[in-house]
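These notes are meant for a colleague opening this entry without earlier acquaintance with it. Please keep the sequence and the structure at hand while reading the numbered points.

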Amino acid sequence: MLTLFPEMFPGPLGTSLAGQALDAGIWSLNAIQIRDFGIGKHRQVDDSPTGGGAGMVLRADVLGPALDHAKSLNPGAPLVYMTPRGKRLTQQMSHTFAEGPGVTILAGRFEGIDERVIAHYGLSEISIGDYVLSGGELAGMVLLDSVIRLLPGVIGDAESLTHESFEQGLLEYPHYTKPREWQGHATPDVLLSGDHKKIAAWRQAQSEHITAARRPDLLAVKVPKKP
Ligand code: SAH
């Protein structure tokens, strides 16, 4: 992770499932301080936008050496720049990262980064949604969290991953647990029937219904079946 705020890491990724996996050595993270590659005795990293306008832009001659350093640590890793202009992060993309050799993530700040860096390094631009954050760190953590939980050994019961939202091109069916009755609300009878075929059919129908109602765009996308 290339960032001006390495102290943000591992942050929330140091707790719960991701944190246990970090302690177990299933994944690891190197937070690289971009300012270490800054210019002059003030270690300057940004400058005003060429052509004028508000804000500051991270300089190419600072990000270049920082990216070169990151590449030397994990030469095979894809280079990603978190940006609202990027391709929207999907579960499919998280699977691809989880199966790969890791990922180098550049977190922007201010107005963003000099465009030439994106072209020169062939950075993949990824967005976590249609809103603007103040920095790429939280976005990078979102990407990492979605990838880490797919790594073998992170979630004990791998089965629990296969029925999740987006995995079959559908949103997940509703869950219930004890007690059977709560505040006058009953648990659907079918779930108490013990008939696994009927339960699976009910869940499938619920998934299809919820997806059609909330995310019809997902139904339009053909999801390749996982082997
Ligand atoms: N001027 C930019 C926004 C800069 S926000 C624009 O209008 O597109 C500062 C940094 O936060 C960005 O460089 C990027 O790294 C990060 N960021 C903000 N919103 C994001 C999002 N939705 N997804 C991923 N990264 C984001």
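1. Helix 1 is followed by G25, a residue whose phi is positive, near 80°. Before going further, please bear in mind that this is a predicted model, and that the points below should be read accordingly.

2. Turning to the body of helix 1, which spans residues 16–23, its buried residues are A18, G19 and A21. Seen down the helix axis, these buried residues fall within an arc of 165°, so they line one face of helix 1. What do the buried residues of helix 1 pack against? Their partner is helix 5, which covers residues 136–148. On the face turned away from the buried side, helix 1 carries the exposed residues S16, Q20 and D23.

3. S16 deserves a second look, since this residue of helix 1 has a phi near 55°, which is a positive value in a residue other than glycine. The relative accessible area of S16 is 55%, and S16 is therefore exposed, the cut-off being over 50%.

4. A positive phi, of about 50°, is also found at R43, although R43 is not a glycine. R43 lies in the loop between strand 2 (32–33) and strand 3 (46–47), and with a relative accessibility of 40% it counts as partly exposed.

5. Two cis peptide bonds should be checked by eye. One joins F9 and P10, with omega at about -5°, and P10 is placed in the loop between strand 1 (2–3) and helix 1. Another joins K178 and P179, where omega is about 0°, and P179 belongs to the loop between helix 6 (159–162) and strand 8 (181–182).

6. Strand 5, made of residues 79–88, runs parallel to strand 6 (residues 104–107), and 4 bridges join the two; M82 has A107 of strand 6 as its bridge partner. Between these strands the chain passes through helix 3 (residues 91–99), giving a β-α-β crossover that is right-handed.

7. Strand 5 is also joined to strand 7 (residues 124–127), again in parallel, and here the number of bridges is 5. Within this pairing, Y81 stands opposite E125 of strand 7.

8. How is the chain divided into domains? The domain assignment gives domain 1, covering 2–148, and domain 2, covering 158–220. The centres of domain 1 and domain 2, taken over C-alpha atoms, are separated by 36 Å.

How values were computed: Residues are numbered from 1 along each chain as its sequence is written. This is a predicted model: local features need pLDDT of at least 70, side-chain atom pairs count only at pLDDT 80 or more; totals for chains, interfaces and linings use all residues. Side-chain values use heavy atoms; hydrogens and water are left out. Buried means under 20% relative accessible area, exposed over 50%, partly exposed in between (1.4 Å probe, protein chains only). The arc is that of the directions from the helix axis to the C-beta atoms. Contact means heavy atoms within 4.5 Å. Domain bounds come from an automatic or database domain assignment. Two strands pair if DSSP finds at least two bridges between them. A crossover is right-handed if, with the strands pointing away from the viewer, the path from the first strand over the helix to the second runs clockwise.
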